[in-house]
Amino acid sequence: EHSLGTFHLTQKAIKALQNKGYFIFEQEEEGLLAAALLHDIGKIGVPEHILNKPGRLEPEEYEAMKEHVENSIGIIRHLPSLDYVIPAVIGHHERWDGKGYPKGLKGNNIPISAQIVSVADCYDALTSDRPYKNALSHEEAVELIMTGACGTFSEQLLECFRIALPEFERIERNNNSHTGYD
């Protein structure tokens, strides 16, 4: 469900950017959408008791959770036709300030595709119920993203996020009313 949410949010972000005059090649759009669907596929290699833990992860559990990125890449590499999504998938937990993972990339070293998937992933995670937390409102999620409280993003990406906010809010409202995506 989370990957589908990230997919729909990425799709809406792309459309919002295109409506504001940003040009995104069709192949780039396809890569972003595929990455949004596949970004967490490696979590199948993370023990279920860690994925479903209701509280804060212990340091060793957090390290096991972080392995999902490398696990995802390992799975995608078995599908050579999808190699083009690897930069977005491997970078979706990197942070503009360099404190992300798995490589600790900083600033413009993080592919823009990874940054777009990352903000969609973050928003969906914040506005969805998880074993360890209740869903936040649209307003609360926006505040956390814009202030860097849940990871740092580039100013360019935050501007793109602002453009897509009406669509993100509509999706979040639909999810909370259980009508699904449209």
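Let me start with helix α6, where helices are DSSP runs of H or I with at least four residues, numbered from the N terminus: its 15 residues should span 21 Å at 1.5 Å a residue, and because its end C-alpha atoms are 21 Å apart, expectation and model agree. The expected span here is 1.5 Å times one less than the number of residues.

Before going on, I should say that this is a predicted model, in which local features need pLDDT of at least 70 and side-chain atom pairs count only at pLDDT 80 or more, while totals for chains, interfaces and linings use all residues. Residues are numbered from 1 along each chain as its sequence is written, and side-chain values use heavy atoms, with hydrogens and water left out.

Helix α6 is mostly covered, with 13 of its 15 residues buried, where buried means under 20% relative accessible area, exposed means over 50%, and partly exposed lies in between, using a 1.4 Å probe and protein chains only. One residue of this helix that I would like to point out is Ile116, which counts as buried because its relative accessibility is 10%. Leaving out residues up to four places away in sequence, Ile116 touches Thr10, Leu32 and Leu157, contact being heavy atoms within 4.5 Å. Ile116 and Arg162 are 46 residues apart in sequence, and their C-alpha atoms are 12 Å apart in space.

Leu32 brings us to helix α2, where it is buried along with Glu29, Gly31, Leu33, Ala34, Ala35, Ala36 and Leu38. The 13 residues of α2 reach 18 Å from the first C-alpha to the last, close to the 18 Å expected at 1.5 Å a residue. The cover over the buried residues of α2 includes α1 (2-19), α4, α5 and α6.

Now to the loop between α2 and α3, which is where His39 sits. Is His39 buried or exposed? It counts as buried, because its relative accessibility is 0%. A polar atom of the His39 side chain lies 2.6 Å from the backbone oxygen of Ala36, and the side chain of His39 also makes a polar contact, at 3.1 Å, with the side chain of Asp40. By a polar contact I mean a pair of N or O atoms within 3.5 Å, of which, within protein, one must be able to donate a hydrogen and the other to accept it, with residues adjacent in sequence counting only if both atoms are side-chain atoms. Setting aside neighbours within four places in sequence, the contacts of His39 include His2, Thr6, His68, Ser72, Val117 and Asp121.

Asp40 leads on to the salt bridges, of which the structure holds 8; the criterion is a side-chain nitrogen of Lys or Arg within 4 Å of a carboxyl oxygen of Asp or Glu. In one of them the side chains of Asp40 and Lys43 meet at 3.5 Å, N to O. Asp40 is buried, with a relative accessible area of 9%, whereas Lys43, at 21%, counts as partly exposed. Lys53 forms a salt bridge with Glu61, their closest N and O atoms being 2.7 Å apart, and both Lys53 and Glu61 are buried. Arg95 and Asp97 form another, with the closest N and O atoms 2.8 Å apart. Lys12, Glu167 and Arg170 are joined into one network by salt bridges that share partners.

Glu61 is also among the buried residues of helix α4, which include Ala64, His68, Val69, Ser72 and Ile76. Its 18 residues should span 26 Å at 1.5 Å a residue, and since the end C-alpha atoms of α4 are 27 Å apart, the two values agree. Helix α4 nevertheless bends by about 30° at Val69, the bend being the angle between axes fitted to the seven residues ending there and the seven starting there. What covers the buried residues of α4 includes α2 (26-38), α3 (48-51) and α5.

Finally, the aromatic pairs: a search of the whole structure finds 5. Rings of Phe, Tyr and Trp (its six-membered ring) pair if their centres lie within 6.5 Å, and planes under 30 degrees apart count as stacked, over 60 as edge-to-face and the rest as tilted. The rings of Tyr62 and Tyr101 have their centres 6.1 Å apart and their planes at 85°, so this pair is edge-to-face. The pair links distant parts of the chain, with Tyr62 in helix α4 and Tyr101 in the loop between α5 and α6, 39 residues apart. Tyr62 is partly exposed, at 38% relative accessible area, whereas Tyr101, at 11%, counts as buried. Ring pairs also link Tyr123, Phe161 and Phe168 into a cluster.

Key. Helices (H or I, at least four residues) and strands (E, at least two) are DSSP runs, numbered from the N terminus.
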